[in-house]
4 protein chains.
Amino acid sequence: MTARPKSGRPRSESAKQSILDGAYQLLDEGGYAAFSIDAVAGCAGVARTTIYRWWPTKGLLATEAFLARVQANVDFQATDSAIHDFTRMLAGVGALMAGSAGRVAASILAEGQRDPETLEAFKTSYHQVLRSRSVPLLKAGVARGELAPDLDPDLLLDAAIGAIYLNLLLKQPVSEQWARQLAERLLKGALASSPPSPDTSRKTRP
Amino acid sequence: MTARPKSGRPRSESAKQSILDGAYQLLDEGGYAAFSIDAVAGCAGVARTTIYRWWPTKGLLATEAFLARVQANVDFQATDSAIHDFTRMLAGVGALMAGSAGRVAASILAEGQRDPETLEAFKTSYHQVLRSRSVPLLKAGVARGELAPDLDPDLLLDAAIGAIYLNLLLKQPVSEQWARQLAERLLKGALASSPPSPDTSRKTRP
Amino acid sequence: MTARPKSGRPRSESAKQSILDGAYQLLDEGGYAAFSIDAVAGCAGVARTTIYRWWPTKGLLATEAFLARVQANVDFQATDSAIHDFTRMLAGVGALMAGSAGRVAASILAEGQRDPETLEAFKTSYHQVLRSRSVPLLKAGVARGELAPDLDPDLLLDAAIGAIYLNLLLKQPVSEQWARQLAERLLKGALASSPPSPDTSRKTRP
Amino acid sequence: MTARPKSGRPRSESAKQSILDGAYQLLDEGGYAAFSIDAVAGCAGVARTTIYRWWPTKGLLATEAFLARVQANVDFQATDSAIHDFTRMLAGVGALMAGSAGRVAASILAEGQRDPETLEAFKTSYHQVLRSRSVPLLKAGVARGELAPDLDPDLLLDAAIGAIYLNLLLKQPVSEQWARQLAERLLKGALASSPPSPDTSRKTRP
DNA sequence: AATTAATCGAGACGGTACGTCCCGTCTTCCT
DNA sequence: AGGAAGACGGGACGTACCGTCTCGATTAATT
């Protein structure tokens with residue numbers, strides 16, 4: 001129960017939805033440049049004041065519009081294979097970010113550079129959720145001996161998520177398939193896997 | 001030869017420098033929010049028109065201010081160890097981005113979400129330079145048998161650079177030391193190195 | 001009988017009074033600038049809707065608040081001296097307008113410039129009442145031979161009342177004493193009273 | 001010479017004129033209700049910011065628009081007859097205020113109730129000018145013996161000007177002819193001119 | 001030396017979006 | 001039915017920057 005409305009005219013759910021939809025749509029189609037309170041109001045058929053009544057800044061509006069579409073779209077179910085879990089998680093994020101959500105997320109990150117509250121909201125309500133659900137999967141893998149005992153889950157996730165964000169921000173394509181390859185590489189590492197051969201490097205060799 | 005000055009009053013180098021310095025300083029100290037043409041002009045003691053004469057958009061000004069400070073600050077020298085080269089490169093980027101350059105880069109990426117030209121300029125003049133100098137190091141490692149034969153250098157660099165950008169954008173600390181750990185993990189991979197032990201997981205066997 | 005309450009909850013007299021008091025107080029203390037429906041509601045501890053239920057515009061509310069304080073504060077009793085009656089009337093208006101009522105009246109006149117209904121209400125319920133009670137006093141004086149036979153009472157009252165309103169609007173002091181002097185001058189006229197003297201003006205002449 | 005413009009793009013006289021004209025026209029046609037910065041900008045074909053650049057408040061804009069039309073429209077020339085001078089002056093004000101200037105003046109007085117600066121500007125730049133030019137005419141008349149020796153010129157002018165403002169504010173007609181009658185009455189006074197009849201007043205005389 | 005041409009400073013201009021205040025209307029529950 | 005609460009669409013406010021523009025003053029290279 002979220003504190004019953006007590007009295008007064010109840011909030012218009014249709015207006016709320018129009019605003020979130022309008023915001024999302026503008027961010028998706030026109031990018032950050034097209035995203036203004038004025039434009040959202042116009043696109044949602046709503047008075048500007050109605051937006052300000054509920055969202056203090058446009059960054060927080062964008063964040064909420066993002067969350068409303070993304071909620072629980074990624075599978076974090078734990079199995080007995082951390083490899084599978086990690087791969088599945090990253091593939092899920094990749095698939096999600098391959099579409100409009102990726103463009104919206106990039107805009108939110110941009111706005112977050114200007115407004116600390118927006119950044120904080122994005123981190124708290126999305127980014128850290130993603131992390132906090134992923135870390136246990138990795139820790140289980142470490143405990144199970146499946147992953148390297150000295151693995152820092154945060155570092156691995158920085159690389160995994162960072163790679164995705166990087167491509168979003170640079171407007172380069174992201175896909176589920178690409179995310180799977182990324183997961184595989186992060187797991188296997190870049191080094192030659194076999195015995196690095198008697199001698200790893202140098203031309204040498206008898 | 002940069003197109004000889006023909007005639008007329010030559011461009012004021014001091015103004016140019018003041019502008020670049022002012023832009024960089026504003027981005028460093030006040031972040032993207034404090035970065036406006038007006039502010040740069042005021043801070044550089046220069047007329048606004050002088051800025052517009054030389055930089056079409058503030059994104060490109062920011063990019064140039066960034067480049068002026070960053071030029072060739074990273075060591076890409078190739079040795080016979082790709083491991084060392086990659087680690088050194090990444091440590092260099094980490095060290096650079098740990099300071100004001102990191103804050104400025106984050107702002108440029110933000111502006112890039114709004115203005116495609118800014119993004120393009122950043123990619124062309126900085127990001128792709130970084131990549132194009134790093135890839136040969138990795139390819140040499142692959143050729144040498146030091147790195148995995150199926151390694152996609154771009155994928156590895158996405159993870160490496162992406163991890164750094166991620167922390168910049170999220171206003172989380174970046175350091176040379178942290179970048180070294182990142183490099184090590186990316187090279188070694190996340191999997192347990194040894195034979196995953198007789199049996200790491202599963203319900204065991206009968 | 002004032003239309004018996006029929007059915008339903010009767011109008012709250014306390015709310016009505018709070019609103020009128022609040023309106024008057026706001027106009028007195030903060031002037032026209034401080035007078036908004038929101039402010040009155042807040043100051044009266046009343047819902048905005050309650051105000052709108054009973055007063056269509058803020059001008060009419062102000063007018064009613066004004067009247068509630070002013071009602072019959074001026075003495076129009078007719079004696080056998082129009083001079084005294086006129087002087088007493090004007091002194092009464094002066095005394096009244098010297099205080100908060102003057103500030104409120106000025107605000108109502110201001111609002112009346114924007115809203116014709118407010119102006120009409122002020123004229124009908126206050127200004128014309130004042131005039132219609134004063135005119136007979138003057139007419140009696142004319143009939144009695146006390147005042148000039150060609151006196152237009154309206155013209156005289158325009159000058160008398162106008163002088164007071166002028167000072168109210170210009171935020172210049174008004175007082176009973178000043179009003180008495182005004183009355184005296186209006187009665188006596190500006191011309192030299194005596195035989196304009198053998199020669200009133202001109203370079204004279206022998 | 002009003003401090004030569006030194007440098008920078010010179011102020012657009014056409015824009016200035018459009019704004020003053022637009023403001024005056026709006027006040028004339030639609031009254032105070034129609035007078036908003038937005039409307040003036042639209043009506044003048046000018047950016048809103050251009051208005052704010054030169055006039056801090058709409059009241060001062062209105063005042064300036066008023067003055068631009070009214071400047072020296074009244075004849076204050078002194079002759080050797082204060083009666084003529086006063087009558088001419090008042091007839092001039094009446095004629096002026098009978099038209100659009102009267103409607104505009106009423107609006108300015110209304111705005112002046114909300115914004116002290118506007119009131120001050122109106123008083124200083126118009127009202128007091130009118131007064132200060134009228135007073136000498138009256139004083140001369142007093143000195144000459146034409147007007148009552150105990151005449152307070154300010155009091156007379158309060159009555160004269162106040163009567164005009166009153167009718168403006170109440171949206172009642174003002175005309176030159178009416179103003180002449182007003183002047184005459186103020187000069188002659190309201191009292192019966194002849195021997196006030198055996199006993200006009202009180203204690204009579206022994 | 002005079003001319004020419006591009007720069008620089010200053011600052012006005014038309015314009016977009018902001019975030020706030022108040023308006024008058026509405027919807028809901030409570031008395 | 002009245003009243004309290006409060007959301008809604010909307011208009012205007014005054015501010016901050018934007019990018020463009022027109023000035024006068026400065027500064028070389030070209031006459």
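**Exercise 1. Describe how the protein touches DNA strand F.**

Solution. Step 1: start with single polar contacts. A backbone N or O atom of Arg9(A) is found 3.2 Å from a sugar or linking oxygen of DNA strand F. This distance comes from a predicted model. A polar backbone atom of Ile37(B) lies 2.9 Å from a phosphate oxygen of DNA strand F. A base is reached too: an N or O atom in the side chain of Arg48(B) is 2.9 Å from a base oxygen of DNA strand F.

Step 2: assign the surface to elements. Those that give two or more residues to the surface near DNA strand F include α3 (48-54) of chain A, and α2 (37-44) and α3 (48-54) of chain B.

Step 3: widen the view to the whole strand. DNA strand F is surrounded by 45 residues, and the closest are Gly8(A), Thr50(A), Trp54(A), Thr49(B) and Ser12(C). Sorted by class, the surface near the strand holds 18 charged, 15 polar and 12 nonpolar residues.

Step 4: turn to the DNA side. Sugar or phosphate accounts for 58% of the atoms of DNA strand F within 4 Å of the protein, and bases for the rest.

**Exercise 2. Work out how chain B is related to chain A, and chain D to chain C.**

Solution. Step 1: superpose chain B on chain A. This takes a rotation of 180° with 0.0 Å of shift along its axis, and the RMSD is 0.1 Å. The two copies are therefore related as by a two-fold rotation axis. In chain B, the C-alpha of Gly189(B) is nearest the axis, 1.6 Å from it.

Step 2: do likewise for chain D and chain C. A turn of 180° and a shift of 0.0 Å along the axis lay chain D on chain C with an RMSD of 0.2 Å. Gly189(D) is the residue of chain D that comes closest to the rotation axis, its C-alpha being at 1.6 Å.

Step 3: compare interface residues. Of those in chain D, 96% are also interface residues in chain C, so these copies meet through the same surface.

Step 4: check other pairs. Chain B and chain D do not touch, with their nearest C-alpha atoms 11 Å apart. No contact joins chain B and chain C, where the closest C-alpha atoms lie 35 Å apart.

**Exercise 3. Identify the main members of the largest nonpolar core.**

Solution. Step 1: recall the general tendency. In soluble globular proteins, nonpolar side chains tend to be buried together.

Step 2: find the best-connected members. The largest nonpolar core has 133 residues, of which Phe66(C), Phe86(C), Phe66(D), Phe86(D) and Tyr126(D) touch the most other members.

Step 3: follow one member. Beyond its neighbours within four places in sequence, Tyr126(D) contacts residues including Phe66(D), Leu96(D) and Tyr165(D).

Definitions and conventions:
Residues numbered from 1 in each chain as written. Chains lettered and ligands numbered in written order. Predicted model: local features only at pLDDT ≥ 70, side-chain atom pairs only at ≥ 80, totals over all residues. Heavy atoms only, no water. Core = buried A, V, L, I, M, F, W, Y, C linked by side-chain atoms within 4.5 Å. Buried < 20%, exposed > 50% of the residue type's maximum accessible area, 1.4 Å probe, protein only. Contact = heavy atoms within 4.5 Å. Least-squares fit on C-alpha atoms with pLDDT ≥ 70 in both. Near = heavy atom within 4 Å. Polar contact = N/O pair within 3.5 Å; in protein donor to acceptor, adjacent residues only side chain to side chain. Helix = DSSP H or I, 4+ residues; strand = E, 2+ residues; numbered from the N terminus. Nonpolar A, V, L, I, M, F, W, Y, C, P; charged D, E, K, R; others polar.
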